[in-house]
Amino acid sequence: MAEQSRLPISFLLDARLEEVLCQILKIDPAEWRATTALWASGNAWTIHKIPKKKGHRTIHAPSDPLKKVLRALLTQFIQGIPVHLAVHGAHPGTSIVTNARAHVGGKAFYLLDLKDAFPTVNRKRCSAIFGPTFTGYITVVTGLPEQDGKRLAETFVDLLIVDDVLPQGFPTSPAVLNVLLGQVDRNISQLLRSASATEGVVYKYTRFVDDLTISSSDEVIPKKLRQKIRQAVRSDGWTIQGTKVSYFGDGAEGDEERTTKYPEVTGIIPNQDGRLTIPRPRLNKFRAILHNLLEVADKRQSGDEEALKAVKAQMEKDVVAFRKRGISLDSNLSPDKFYAREWPLTTREHRLLVGIVGFVSMVYDQKLPSSIRELYIKAKTQFRIGTRDISQGHAYSFVKETE
């Protein structure tokens, strides 16, 4: 396990402020004490390295007690802060589907991705934006003196940060990013509004976490306008991932951003006829994965001794890992009993299967493609996968992992 941050001084609250903190977040005091104990012992989260095309993505997976505290902070505070209308992720009522649907009918697309968006946010930047907001809220709802309000606000800010950066994997992080990217959203929206008035073209802008999409009702998004969009991002201190800039539309010869590949908006194709579809190569990949997972599950359930031995060995490793992190897999069962059941897939395999079924169901809410329909229905039925088994944020995270 990687060495973790020492317990922040702001977590060392007296009994009076600790009680107020738990009342504000509507959590049990035991959950707060478990969080601080795990943080102090270096077990508040685990770090996972997820491979991607170049390098890896570092994920901080919080323990159950910390996750409960963070979700309380998210719902009681952060989600109440207004965000720009362009936001379509980590915000109630939005998803990868609403993000893609906003661009249906677009003829030209400009896609940008922020480089290291989460690590770009340090404690100083986070505190400058959230510190006064948290303090104001705390003093209003509790009647505490401003000094006490500031003290608790520091505690809340420190809950959002790991080793002086915003961790990817905390449930609060995408929503924090939405607030901090507000100036970028305003800059781009104002720029496109001005261009629309001048050119008589309808431009649309959305952002899903760190993915920015601009579409046009015309066949072209002028190169000069694209330059201004990039500048609007950089002027607020963010960096654009150069390898992920993509422009689909008309352009002059030698336009280095131009591509003939049809645009994918958060992993989905917004078609001219109003339909949303998953790109054929990815759908074929999903079909192959579902087929393999179902075949493996059937083999294990049929009593194949070697297959069962292998999966049980993996389950035992999972139990040890979850114990260290204080994570429970089922509200009614301990990890030992959870894995004592006849379970034909490992945790990772099950997560992969749920991810595919969840993503496909989000995109195709009615008519499923014939190429995947039979396997989709079998997987969903056999493993009783419901609509709440996969979150909107997890869906897109899953797509990125399977790219």
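A surface patch here is built from residues with over 30% relative accessible area and no salt bridge, joining like charges within 9 Å and nonpolar side chains (Val, Leu, Ile, Met, Phe, Trp, Tyr) within 5 Å. A salt bridge, in turn, is a side-chain nitrogen of Lys or Arg within 4 Å of a carboxyl oxygen of Asp or Glu. Accessible areas follow the Shrake-Rupley method with a 1.4 Å probe, and for residues only the protein chains shown count as cover.

The model you are looking at is predicted: local features need pLDDT of at least 70, side-chain atom pairs count only at pLDDT 80 or more, and totals for chains, interfaces and linings use all residues. Residues are numbered from 1 along each chain as its sequence is written, and side-chain values use heavy atoms, with hydrogens and water left out.

**On the surface.** Tyr-137, Val-140 and Val-141 make a nonpolar patch of about 290 Å². Val-141 sits in helix H6, residues 123-142 (helices are DSSP runs of H or I with at least four residues, strands are E runs of at least two, both numbered from the N terminus). Because its relative accessibility is 45%, Val-141 counts as partly exposed; that class lies between buried, under 20% relative accessible area, and exposed, over 50%.

**A hairpin.** Strand S4 (residues 203-208) has five of its six residues buried, so the rest of the structure largely encloses it. Its partner is strand S5 (residues 211-216), paired in the antiparallel sense over six bridges; pairing requires at least two DSSP bridges between the strands. Thr-206 has Thr-213 in S5 as its bridge partner. Two residues separate S4 and S5 in this hairpin, and Val-209 in the turn has a positive phi of about 55°.

**Positive phi in loops.** Two more residues are worth a look, neither of them a glycine.

| Residue | Phi | Loop | Relative accessibility |
|---|---|---|---|
| Ala-90 | about 55° | between helix H3 (64-76) and helix H4 (96-101) | 33%, partly exposed |
| Asp-116 | about 50° | between strand S3 (108-113) and helix H5 (117-120) | 45%, partly exposed |

**Inside.** A nonpolar core is a set of buried Ala, Val, Leu, Ile, Met, Phe, Trp, Tyr and Cys residues joined through side-chain atoms within 4.5 Å. The largest one has 107 residues, and Ile-78, Phe-130 and Leu-159 have the most contacts inside it. Helix H14 (residues 347-363) gives this core its largest share, nine residues. Leaving aside residues up to four places away in sequence, Ile-78 touches Leu-73, Phe-130, Phe-134, Leu-160, Thr-172, Ala-175 and Val-176, where contact means heavy atoms within 4.5 Å.

Conventions
Buried < 20%, exposed > 50% of the residue type's maximum accessible area, 1.4 Å probe, protein only.
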